[in-house]
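Biologist: Could we go through this model together? I have some short questions about it.

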Amino acid sequence: MSIEVAREGKLFAIHSGETSYVFAADDRNLLRHLYWGPRLSRIDEFDVPAKWDPSSNDMAMDTTWEEYPCQGQFRYKECCLAVAFADGSREIRAIPVGHEVAGEELIVRLLDPDHGLAVDLHYRCHDAHGLIERWATIRNESTDPALVTRAFSAQFHIPFEGLEFHNTHGQWGAELQPFSQQVGYGKVLVESRRGLSSHNHNPSFILDRGADEGSGEVWFGGLKLSGSFAGIVEQRTYGSTLVQFGISDHDFAHELGPGGELVTPAIVAGYSATGFADMTVRMQAYGRSLMSPEPRLVLYNSWEATGFDVTSDNQMALAERAARVGAELFVLDDGWFGRRSGAGDGLGDWWVNREKFPDGLDPLIEKVRGLGMRFGLWLEPEMVNPASDLFRDHPDWIHSEPGREPDTARDQLVLDVGRRDVQDFIVDVVDGLLSRHDISYVKWDANRPISQVGAPGAHWRHIDGLYRTLDRIRQRHPGVLFEACASGGGRIDLGALEHFDDFWTSDNTDALDRLTSQEAYSRLYPMKAMRAWVTDAPNFLSQRSIPLRFRCHSAMMGSLGIGANLTRFSDKDLAETAELVDEYKQLRPTIQDGDFHRLDNPSPTDYRLYEYVDGKRAVLFAFMPGGHMSRRPTNARLRGLDPDAGYRFYADWRWQEKSGEFLMRHGIPIWLFGDYASSLTVFDRL
Ligand code: DGJ
């Protein structure tokens, strides 16, 4: 039984996988969190008397761990909901009034009878992944309007202090830089105020108590929001840590008219008693369950090769080379439309540029199809250049402050996708292109943050509108896959994963830098959605020249792409790329759909070891960026194998067979020499 309700509808448990989550309505009508940890077989042992006030300064209302605290009374802690009512009051007294269980979902209903404000707390059990998903629906059941000024998704409680918090920081070209910090008294805030989930922080949390890959307690979660978000971790003075995620208050206010409803984004969260590896395996599997199941094709993307200077001829030349190395999908990037000659014009004018493509896109598409590949197209539908027909015709469609000249970034402005007419325009444009041409893949870019929105609430309405727009397009074109790109990895989050099929991980395509961001990405997001390209040497950003094999291996860790200027590749490089692309295709089911593990490196040298495993095989990538402390091996102890099965693999210049038990307990030596050395070892189950 996944959802258990006891004590006459007052005690609730969600048993998901190996975990249980328990809360209850106490006799003071607080919805009180009781437990989140290893699975419990009986919940009737929980006592839920109301808490008493420890002192006249430390009230129970503040010290009780609540599921969804609302602003008001003696609450000094972070609250999930704040509302300004028409009568000038801002206090919410929402008490539990009922519940409903529908399959794997529990809904607990709260009501503030004085203001007719209903709050439904949703809990969905993802038993297969041991996760729970939470969100809230806020409804105005009164006859007066109400202004919601904060609507977070959920609050969680962890009964410890001194936890280690992990997230990522970064900027353009350096997304997903991992950081960790011990939570002390006070608060940690991660957020985006940019209208994108952003390059700067990720809408997710990992908190651990002395965990490593294979042991220790970890609490974690990911918010389904690709826009401005906030995540607060607060170590309280009363001996616990609370975690709260949701829409950022920075630009938020939502008017709820009589009968109006606001549904917060959901957060998917879990607990592991056995460390980070277990967290990753479960979160990646959940992430894959949101994605369309088909294998991700090896793509070629022309951006780094031709930039804005795309022409029918140069794309055809690249397509020939792409087919030769085994690409299955050719993506025409920026520059093909309107009067686009650089970043300064054309966005919004989604007609084919006849100077670059005299006979339209179809000759290129036919060529690509004839070479056995599918065709993909780049779009940036949420944006407009001031130098465009669209802006001339609809200057009022952008986010702006009344009476002010809006600021541009990359010479562009952001369309207000919260507007229905803008949504209709985007649906028409994308639907038109997908209906007129044989297009299988869309790279959906967004190259600047939102700013200057005027009345509050526009950030949330934009993202909500974006999701609705994508849903409408995808309903009409179910076979087309969509890549989420925002100047690289500015939109990597579970909300994007629910609406797109891939992430463009970063514009930083340096194969070594990528190992760091890929590893941080891997903690919570599926490798299958992680697009990675093999690009030219020296790399345009790092100016590093990394050998082709290392570049290919690094890009093979996710959904493989090629972004190099293949017309400049030697025959030898083309042949080596083709060989590795072919190997990738053979290993693709394991890499894209298998369990992923970051393996320990016991050597003092900088080896990085990553494993993918399914019922058929394991694939081990080893990287050694620098050859200092030369001639030192490391030892790779694999994970997730069947201890009783035999595995055949080629290492040390010979075929070998070992048991899963041996490979996991003893491991195999890995010995790489020189700078930028890498290897790929396949363990076939016998
Ligand atoms: C930013 C993306 O991250 C790049 O891959 C490329 O598509 C450019 N935008 C095109 O303008």
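Modeller: Let me begin with one residue: leaving aside its neighbours within four places in sequence, Ser-16 is in contact with Arg-39, Cys-125, His-126, Asp-127, Gly-130, Leu-131 and Ile-132, where contact means heavy atoms within 4.5 Å. This is a predicted model, in which local features need pLDDT of at least 70 and side-chain atom pairs count only at pLDDT 80 or more, while totals for chains, interfaces and linings use all residues. Residues are numbered from 1 along each chain as its sequence is written, and side-chain values use heavy atoms, with hydrogens and water left out.

Biologist: Is Ser-16 buried or exposed?

Modeller: Ser-16 is buried, with a relative accessible area of 0%; buried means under 20% relative accessible area, exposed over 50%, and partly exposed in between, using a 1.4 Å probe and protein chains only.

Biologist: And what does the side chain of Ser-16 reach?

Modeller: The side chain of Ser-16 reaches the backbone oxygen of His-126 at 3.0 Å.

Biologist: Switching to the ligand, which residues are closest?

Modeller: The ligand is surrounded by 13 residues, and the closest are Asp-333, Asp-334, Lys-443, Asp-445 and Asp-507, a residue being counted if one of its heavy atoms lies within 4 Å of the molecule.

Biologist: How far is the side chain of Asp-507 from an oxygen atom of the ligand?

Modeller: An N or O atom in the side chain of Asp-507 is 2.4 Å from an oxygen atom of the ligand. For Asp-334, a polar side-chain atom lies 2.6 Å from a ligand oxygen atom, and for Arg-410 the distance from a polar side-chain atom to a ligand oxygen atom is 3.0 Å. Taken alone, the ligand exposes 300 Å², of which the protein buries 99%.

Biologist: What about the largest nonpolar core, which residues touch the most other members?

Modeller: That core has 178 residues, and those touching the most other members are Leu-81, Phe-156, Phe-205, Trp-336, Trp-444, Phe-482 and Met-557; a nonpolar core is a set of buried Ala, Val, Leu, Ile, Met, Phe, Trp, Tyr and Cys residues joined through side-chain atoms within 4.5 Å. Its largest share, 8 residues, comes from helix H7 (residues 420-436).

Biologist: How many disulfides are there?

Modeller: The count comes to 0 disulfides, with a disulfide taken as a pair of cysteine sulfur atoms within 2.5 Å.

Biologist: Why is there no bond for Cys-70?

Modeller: The closest cysteine sulfur to that of Cys-70 is in Cys-79, and because they are 7.2 Å apart, this is too far for a bond. Cys-70 also counts as buried, at 4% relative accessibility.

Methods:
Helices (H or I, at least four residues) and strands (E, at least two) are DSSP runs, numbered from the N terminus. A polar contact is a pair of N or O atoms within 3.5 Å; within protein, one must be able to donate a hydrogen and the other to accept it, and residues adjacent in sequence count only if both atoms are side-chain atoms. Accessible areas come from the Shrake-Rupley method with a 1.4 Å probe; for residues, only the protein chains shown count as cover.
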